[in-house]
Number of protein chains: 2
Amino acid sequence: MITEEKQISIIIVEDFKLTRVGLRCALNANPDLNVVAECENAVDGIKEIEKLQPDVVLMDLGLPVMNGIEAILKIREHSSDIKIIALTSHDREEEVVAALSSGANAYCLKDIDPNKLADVIRDVAQGVCWIDPVVANLALKSIPKSENISMLTHQAPEQARVPLTEREFEVLKHLVAGKSNTEIAKELIVSVHTAKAHVCSILQKMCVNDRVQAAVKAVKEGIV
Amino acid sequence: MITEEKQISIIIVEDFKLTRVGLRCALNANPDLNVVAECENAVDGIKEIEKLQPDVVLMDLGLPVMNGIEAILKIREHSSDIKIIALTSHDREEEVVAALSSGANAYCLKDIDPNKLADVIRDVAQGVCWIDPVVANLALKSIPKSENISMLTHQAPEQARVPLTEREFEVLKHLVAGKSNTEIAKELIVSVHTAKAHVCSILQKMCVNDRVQAAVKAVKEGIV
DNA sequence: GTTTCCATTAGACAATCGGGTAATGTTATA
DNA sequence: TATAACATTACCCGATTGTCTAATGGAAAC
């Protein structure tokens with residue numbers, strides 16, 4: 001599952017220069033990791049991230065002016081593909097939950113072993129959610145008990161979901177962005193008829209009645 | 001942080017014998033891992049776990065009779081130290097959330113690379129929370145937005161968002177549910193004109209162009 | 001080589017949507 | 001009391017949506 005055919009590009013956002021340099025050195029010692037930029041504040045960080053589209057962002061939470069959580073929210077407004085590792089030196093509960101619910105994929109304490117951090121980066125680049133032992137319980141506790149656990153305790157009927165095609169998936173992303181059929185068509189350089197056909201197909205496959213339901217379902221299930 | 005001075009004891013709970021044997025072989029190939037018991041059902045599994053007090057439990061979720069989630073709940077009644085890795089072959093959303101909220105520390109799909117699984121076990125034994133890429137988004141999405149995220153993000157001045165009225169909030173909920181203006185009107189026992197007026201107002205206040213964007217924004221910001 | 005799946009295009013149609021403007025009654029708050 | 005904010009209703013109109021049927025070409029699977 002975890003393949004490492006090409007380098008993982010990384011941007012570090014961290015206010016302490018010493019930590020920044022330390023991270024870069026430690027990570028660049030790994031041939032498959034490539035620190036493409038370092039930023040000392042969130043504003044620069046967001047700019048660089050939009051420009052360079054890295055695979056992974058190491059985001060310090062304790063930044064001045066705009067803090068890490070705000071930065072994560074900002075990043076998530078535009079991109080959901082970039083993986084974000086929240087870095088911090090302490091373990092305040094609210095911060096853990098806030099970071100993860102804001103869109104961070106992982107949560108590390110700064111005293112992590114550099115080699116371990118490299119491993120985590122590789123994992124997270126593949127989409128893994130990784131949470132430091134010190135705060136893992138906090139994060140897990142914040143997951144609400146499913147109100148219908150009993151439903152699961154005796155097998156729920158699997159509802160054979162029909163998979164979307166690649167093209168439909170593209171259309172869905174635009175749909176979730178709130179674009180009209182006309183706009184989607186323009187974006188994909190096809191006729192409006194095509195866009196409509198795809199949307200129609202998406203609605204049927206997702207078992208929903210209209211594009212709003214499709215968008216909401218897509219967001220809730222994280223398929224964006 | 002991750003030290004491996006002594007062996008990690010493991011109990012496997014899995015109904016398919018072939019998978020069980022496969023897991024044991026793969027794991028025992030690692031000198032630091034030690035499979036101390038295998039069980040083909042949850043009842044035996046719980047007994048063995050209580051008796052042997054392993055470091056880590058590999059718990060299949062798709063067990064017959066008493067399924068994995070029930071088993072996890074049972075285990076957690078007595079012990080919180082034992083680390084539980086939920087194993088499954090599919091990726092049903094409810095199951096992911098249910099497993100984690102029931103007390104699992106990690107969630108793996110069965111198609112994981114055996115060596116990777118060994119790594120995960122080492123991590124989880126240290127308390128790490130590890131969630132497979134395929135379902136990581138689902139898990140993270142289920143973490144509720146901290147209501148006081150604004151406390152951590154000294155924002156607010158920039159946005160100056162107009163607050164929705166109670167009525168508009170009601171309408172928004174129906175909108176997110178994918179209902180049409182007509183349906184919303186029926187639900188709230190008002191005329192379609194009223195529903196439209198509210199929707200129009202919602203769109204303006206939320207600074208979006210159409211109901212899809214409003215719905216997506218509402219879901220993403222957790223105001224549903 | 002045939003069949004199946006997918007992407008593409010088209011026309012037509014009823015239903016719905018979103019934006020105007022405007023009016024009325026209620027309820028707070030100043 | 002007066003002013004503001006909100007909920008409510010109404011009409012019009014252009015744009016958009018979702019569904020239908022139907023056809024074509026390419027690619028993959030059998």
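This is a guided tour of a predicted model, stop by stop, saying what to select and what is found there.

**Before starting**

Residues are numbered from 1 along each chain as its sequence is written, while chains are lettered from A and ligands numbered from 1 in the order in which they are written. Because the model is predicted, local features need pLDDT of at least 70 and side-chain atom pairs count only at pLDDT 80 or more, although totals for chains, interfaces and linings use all residues; side-chain values use heavy atoms, with hydrogens and water left out.

**Stop 1: the sheet**

Show the strands of chains A and B, where an open sheet of twelve strands with mixed pairing runs in the order 2(A)-1(A)-3(A)-4(A)-5(A)-6(A)-6(B)-5(B)-4(B)-3(B)-1(B)-2(B). Helices (H or I, at least four residues) and strands (E, at least two) are DSSP runs, numbered from the N terminus, and two strands pair if DSSP finds at least two bridges between them. At the edges are strand 2 (33–39) of chain A and strand 2 (33–39) of chain B, each of which pairs on one side only. From one strand to the next, the twist averages 20°, where axes are lines fitted to C-alpha atoms (for helices, over the stretch in contact) and angles run from 0 to 180 degrees between N-to-C directions.

Now select strand 3 (residues 56–60) and strand 4 (residues 83–88) of chain A, which pair in the parallel sense over five bridges. Within this region, Asp60(A) has Leu87(A), in strand 4 of chain A, as its bridge partner.

Add helix 2 (residues 42–52) of chain A, which packs on the sheet and touches strand 1 (8–13), strand 2 and strand 3 of chain A, its direction making about 140° with that of strand 2 of chain A. Contact here means heavy atoms within 4.5 Å. In chain B, helix 2 (residues 42–52) lies across strand 1 (8–13), strand 2 and strand 3 (56–60), and runs at about 140° to strand 2 of chain B.

**Stop 2: three buried residues**

Select Arg20(A), which has its place in helix 1 (residues 17–28) of chain A. Is Arg20(A) buried or exposed? Arg20(A) counts as buried because its relative accessible area is 10%, given that buried means under 20% relative accessible area, exposed over 50%, and partly exposed in between (1.4 Å probe, protein chains only). Leaving aside residues up to four places away in sequence, Arg20(A) touches Ile12(A), Glu14(A), Asp15(A), Glu38(A), Cys39(A) and Glu40(A).

Move to Thr88(B), in strand 4 (residues 83–88) of chain B, which is buried at 1% relative accessibility. The residues that Thr88(B) touches, again not counting those up to four places away in sequence, include Asp60(B), Leu61(B), Glu95(B) and Tyr107(B).

Then find Ser101(B) in helix 4 (residues 93–102) of chain B, buried at 4% relative accessibility. A polar atom of the Ser101(B) side chain is 3.2 Å from the backbone oxygen of Ala98(B); a polar contact is a pair of N or O atoms within 3.5 Å, and within protein one must be able to donate a hydrogen and the other to accept it, with residues adjacent in sequence counting only if both atoms are side-chain atoms. Measure also from Ser101(B) to Ala139(B), which are 38 residues apart in sequence and 9.8 Å apart in space, C-alpha to C-alpha.

**Stop 3: DNA strand C**

Select DNA strand C, around which there are 17 residues, the closest being Arg167(A), Ser191(A), Thr194(A), Lys196(B) and Arg211(B). A residue is near a molecule or strand if one of its heavy atoms lies within 4 Å of it. Helix 10 of chain A gives the most to this surface, with five residues. Zoom in on the phosphate oxygens of DNA strand C, one of which lies 2.8 Å from a polar side-chain atom of Arg167(A), while a polar backbone atom of Ser191(A) is 2.7 Å from a phosphate oxygen.

**Stop 4: DNA strand D**

Finally, select DNA strand D, where Lys196(A), Arg211(A), Arg167(B), Ser191(B) and Thr194(B) come nearest among 17 residues. Of the atoms of DNA strand D that come within 4 Å of the protein, 75% belong to sugar and phosphate. Which helix supplies the largest share of the surface near DNA strand D? Helix 10 of chain B does, with five residues. Polar side-chain atoms of Arg211(A) and of His198(B) each lie 2.9 Å from a phosphate oxygen of DNA strand D.
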